[in-house]
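Colleague: I have a fresh model open here and would like to talk it through with you. Could we begin with the overall picture and then pick out one residue?

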Amino acid sequence: MHQYFYDVKRILTILLATTFLNLNAQEDFPRKSYEAFRTSESVNIDARDDESSWSLAPVASDFSQFSPVVDGFPSQPTEVKIMYDDQAIYVFAKLLDNQPDSILTQLTLRDQTGNSDWFGFGFDTYKDGQNAFLFFVTAAGVQIDLKASSDGEDENWDAVWESATRITDDGWYAEFMIPYSAIRFAEEPVQSWRMQFERHIRRYRENVNWNRRDPNIDNGVAMFGVLDNIRNIKSPPRISINPFAVGYVNSIKDPDANPIKERGTAYGLGMDLKYGLNDAFTLDMTLIPDFGQTQSDNVVLNLGPFEQFFEERRPFFTEGIELFNKGGLFYSRRVGDRTFRSAELQEGETFIENPSRTQLYNAFKISGRTAKGTGIGIFNAVEAKEFAVIQDDAGNTREELVNPLTNYNVVVVDQNLKNNSFVSFINTNTLRFGSEYDANVSGFETNLKTKDQMWGVSAFGALSNQFYSDSDDISGHAYRLNIGKIGGKLNYSLGYNIESDTYDINDLGILFSNNERSYRANISYNEFAPKKNFNRWRVAMNWFYGRLYQPNVYSQLEYEINSFFFTKKFLGFGFYTGGQPMDKHDYFEPRTFDFVSYSRNPAFQYAGGFISTDYRKTFAYDFRVTRGMSFKRGVRYLNLRFEPRWRVNDQLLIILGFDYEQLRNSVQYVNRNGYDEPIAEVSDQDILYGLRDRFTWTNSISANYVLSNTSSITLNLRHNHDEVEWHDLATLRSDGLLNPISFDGVVDNKPVFDQNANFLNMDLQYIKRFAPGSDIIFVWQKLIFGNDDRFERNYLANLSNLGEHFQTNSVSLRIVYFLDYQTFR
């Protein structure tokens, strides 16, 4: 208990100290200024400046290169004008080009630039140097929009706005209409925003900006220019709804069931709502949500002690969540996904219903930022109670609770500080109705930078609590501190991290392993200016030293040296090496979680390299090879990755992926794979280990056929094949070494622990945007899973026999219509 309060005191001391470090003058980069012009004329978005008002608007020109030559003169001139009225901001760009037949115009999916020229701009409406709304369009007319924040760029944010492009004999033209409902700004009679224009000339890989960008500073928003004198505009009532209808035809083929095949249909109605509470804050709500068309997860055979991380792909949970990502305490896949527990069968019982996923009743989020830079986010979701239905041999049925009625809540308060810094408070809460435990995590994060953006301090602290009705509550804590030089060519930092042995955020977050006391050191050198054969290059070195928090004992030492080089012929390549100079003491692999038992992984060394060719060409590829080894126990590692891409024309792009990974003689905990028979030399207290050989193939096909900038067909097909073979079985000793046993894992000429797993997932989608924000979406999803004992199969034999395994098919049609206040008006 004394240690606990000591660490809490250290958290508070660190956070107070780092907050006071930020009391410096505001950063001051050179900023160009553009005075906005108000128009009373109706503007037609057609990539033509025929309206007389355009001739009165000032022209922004005098762009400079950001890459490949920093501060270089642009190869082609650019001219931009801005107007505004009571409804929207209008931007017209004249993108001159002395070789118009060389303008690249690949059609891509929305939010992808592909192999195209593009132009865009960003508005930092609160002038905080961290948050901005970004809008781009390619020469082919494809729209891209992003929301920038201190945590990076949210590529899933989508707004409804208009644009048009056309190519002429002197270049290409782009025109934008950004309604005020698409952005947020303070309610003031005279507005002054930060603004940036950016153009990309693809054939030269050239980026030019209106306001100068410094490559030594890793924050583009901080270097925006100024848009002045926007007068008497108001944020309109921001009310929009997306009602949808969806229908499914589903089928299941289960070789072990009777009947083998089952078919069914389903349909549903629902709605997404956006409501502007005021000029800054927005309510997003999904009512009767349906995520059946979400792209399939890339499942693998998980033999480790931790769960597999899955990327979030559900639109409601990917759009506008930059505030909720603060502190890394929120993992949205906890919500409306897997059940809280699995039901257990008694002898003679079978499942009639066994839900593995939960029903989400509804979810909402409120988010926004005030004129003084205070960001507030509130997320809430309610998850349904779920039961498994079980039947015994006599026909009697019973229900077993697998998921209680659950309420999830996240609250974030984020304050912008001087010098593009911030401080945040985060709280996550999980309330389960009934006798199950509840959980709460409170955290604090800050990132502070000096006036010149060259030095930075970041700190984090969190307290976790789990509240039980029938036992003692469990509390844990974590904190970390990093300090270093973050700007310029030479960067370096030192970090310290603590996670107590009772720290647990996994009710609404994700943490693979706690009980850590670690130290980090990083140093890197970046060369941004083109020299000799290279446009830029980078070399870095990282060290990590880890101990357990409780008991305070050694666990691991790791290092890595890596490099990246980008040539003037637009070829990227690099090399890396690293490993563990000392044996690693793995306290998690034994699965006891008592932090007494551990296994020794021998010192290990790896090296590799990669190459990435020029994506502007019709055919390009990425290739990576990694080789590793240990002189103890003969551990051998090999990974080969090859990803060729063929741009058949400006509409069709095909990307293939081939990945092969092998790890031989790896010291691992033995997953018994369902074999529960006693082993003579292994007692109930022994931990069964062995040397494992694992061979994994992951191959994929990704194809995008874009019919126009409003319709496309996409295919994602992935096959993962995993072979696991065990030998030299043993029991784990208290010193982390192994006691060999005579049992070889073979019973009746069958290796009972070996595995042969296959996962195949396919997603075929057609999408047609028939009106702004309104879509027709057709999806065919296929999933095949199998784990059998035919270990002699080679990869091709596995592939040809996938039809023997369990599989599901789902064909669905979804129609979404966008309605907003402006439409009704």
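**Overall fold and one asparagine**

Colleague: What helices and strands are there in the protein?

Modeller: Bearing in mind that this is a predicted model, the protein contains four helices and 47 strands.

Colleague: And what is its radius of gyration, set against a compact globule?

Modeller: The protein has a radius of gyration of 29 Å, which agrees with the value near 28 Å that a compact globule of 825 residues would have. Along the principal axes, its C-alpha atoms fill a box of roughly 90 × 55 × 55 Å.

Colleague: How much of the protein counts as buried, and what does the exposed area consist of?

Modeller: Of the 825 residues, 51% count as buried, while the protein exposes about 38,000 Å², with carbon and sulfur atoms supplying 54% of that area.

Colleague: Changing topic, where is asparagine 491?

Modeller: Asparagine 491 has its place in strand 28, which covers residues 490-499.

Colleague: Is asparagine 491 buried or exposed, and why?

Modeller: Asparagine 491 counts as buried because its relative accessibility is 16%, and the cut-off for buried is under 20%.

Colleague: Which backbone oxygen lies 3.3 Å from a polar atom of its side chain?

Modeller: That is the backbone oxygen of glycine 488, at 3.3 Å from a polar side-chain atom of asparagine 491.

Colleague: And which residues does asparagine 491 contact, leaving aside neighbours within four places in sequence?

Modeller: With those neighbours set aside, asparagine 491 is in contact with Lys485 and Ile486, and also with Asn522, Ile523, Ser524 and Asn526.

Key:
Residues numbered from 1 in each chain as written. Predicted model: local features only at pLDDT ≥ 70, side-chain atom pairs only at ≥ 80, totals over all residues. Heavy atoms only, no water. Helix = DSSP H or I, 4+ residues; strand = E, 2+ residues; numbered from the N terminus. Rg over C-alpha atoms; globule rule 2.2 N^0.38 Å. Buried < 20%, exposed > 50% of the residue type's maximum accessible area, 1.4 Å probe, protein only. Areas by Shrake-Rupley, 256 points an atom, 1.4 Å probe, with all protein chains shown as cover. Polar contact = N/O pair within 3.5 Å; in protein donor to acceptor, adjacent residues only side chain to side chain. Contact = heavy atoms within 4.5 Å.
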